[in-house]
Amino acid sequence: MHIRNQHARLIERPASEVFGALEALGTGDDTIWPARSLPFERTPGPLRVGETRERHGIIRAVLDELHPDRRLVWRADQPFIKGTHGFEITETATGCHVVHVLDADLAWWFVPVWILKVRAVHDRILERLLQRLGTVTES
């Protein structure tokens, strides 16, 4: 089964600040990840395409695209999910438009797990993350 799940928000902050907060996901400087019981973790150091790895829950992925202040994409290649998830940032007159897209193929046996367990949690986390992204200030 193919899924495309999208969440978007207008954020009244400069793209560079928004991108900085997204870059910090999974580090000690992370101020926006909302699910302490399901932590987002990534390898330490600067983001590097093909090298930086992330995990949250059962998902494992590697950084696939990095375009500072514009785009950050992770690629998962696991037996139950193959695809990408990431953020795209577009400047607006008052800040930026942030879109998160999950675009993946699910193994047949994982489809009921996605529908019954994962999708609702994923959606809550993304909506809360976008809300926090709009309210967190740089320290």
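Which residue in β5 is the bridge partner of Val62? Keep that question in mind while you open the structure, which is a predicted model. Now select Val62 and look across to β5: the partner is Arg75.

**Stop 1: the strands around Val62**

Colour β4, residues 59-67, and β5, residues 71-77. These two strands run antiparallel and are joined by five bridges. Between them the hairpin leaves three residues, and Asp69 takes a positive phi near 65 degrees there.

Select Asp69 itself. This residue sits in the loop between β4 and β5. Most residues other than glycine have a negative phi. Asp69 is not a glycine, although its phi is positive, at about 65 degrees. Is Asp69 buried, exposed or partly exposed? With a relative accessibility of 33%, Asp69 counts as partly exposed.

Now go to the other neighbour of β4. Strand β3, residues 53-56, runs antiparallel to β4, and four bridges join the two. Select His56 and you will find its bridge partner in β4, Ile59. The hairpin made by β3 and β4 has two residues between the strands, and Gly57 in the turn has a positive phi of about 60 degrees.

**Stop 2: on to β6 and β7**

From β5, step across to β6, residues 81-92. Seven bridges join β5 to β6, and the strands run antiparallel. Their hairpin has three residues between the strands. To see one pairing up close, select Trp74 and His85, which stand opposite each other.

Stay with His85, which lies in strand β6. This histidine is buried because its relative accessible area is 10%, and under 20% counts as buried. Show everything around His85: leaving aside residues up to four places away in sequence, it touches Glu54, His56, Leu72, Val73, Trp74, His100, Val101 and Leu102. Draw a distance from His85 to Leu72, C-alpha to C-alpha, and you should read 8.6 Å, for two residues 13 apart in sequence.

Next, add β7, residues 95-106. It pairs with β6 in the antiparallel sense over twelve bridges. Ile81 and Leu106 in β7 stand opposite each other. The hairpin of β6 and β7 has two residues between the strands.

Select Ala93, in the loop between β6 and β7. Ala93 is exposed, with a relative accessible area of 87%. Which distance separates its C-alpha atom from that of Glu12? They are 9.1 Å apart, although their positions lie 81 residues apart along the chain.

**Stop 3: a buried loop residue**

Move to Leu47, in the loop between β2, residues 40-42, and β3. At 11% relative accessibility, Leu47 counts as buried. Its contacts, not counting residues up to four places away in sequence, are Glu23, Arg42, Thr52, Leu63, Leu66, Leu72 and Trp74. The C-alpha atoms of Leu47 and Leu72 are separated by 9.7 Å, and the two residues are 25 apart along the chain.

**Stop 4: the nonpolar core**

In soluble globular proteins, nonpolar side chains tend to be buried together. Here the largest nonpolar core holds 36 residues, and those that touch the most other members are Val18, Leu22, Leu25, Ile89, Val98, Leu129 and Leu133. Select the elements that give two or more residues to this core: β1 (2-11), α1 (15-23), β4, β5, β6, β7 and α2 (111-135). Of these, α2 gives the most, with seven residues.

Zoom in on Val18. Beyond residues up to four places away in sequence, it touches Ile11, Arg13, Ile89, Cys96, Val98 and Leu133.

**Stop 5: the largest pocket**

For the last stop, show the surface and find the largest pocket, with a volume of about 430 Å³. Which of its 25 lining residues are closest to the centre? Select His56, Ile59, Trp114, Val118 and His122 to see them. You have already met His56 and Ile59 as bridge partners.

Colour the lining by element and then by class. β6, β7 and α2 each supply at least two residues, and α2 gives the most, with seven. By class, the lining has 18 nonpolar residues, seven polar residues and no charged ones.

How values were computed
Residues numbered from 1 in each chain as written. Predicted model: local features only at pLDDT ≥ 70, side-chain atom pairs only at ≥ 80, totals over all residues. Heavy atoms only, no water. Pairing = 2+ DSSP bridges. Buried < 20%, exposed > 50% of the residue type's maximum accessible area, 1.4 Å probe, protein only. Core = buried A, V, L, I, M, F, W, Y, C linked by side-chain atoms within 4.5 Å. Contact = heavy atoms within 4.5 Å. 1 Å grid on protein atoms, 1.4 Å probe; cavity = no way out; pocket = protein on both sides within 12 Å on 5 of 7 lines; lining within 4 Å. Points joined across faces, edges and corners; volume = space filled by probe spheres on them. Nonpolar A, V, L, I, M, F, W, Y, C, P; charged D, E, K, R; others polar.
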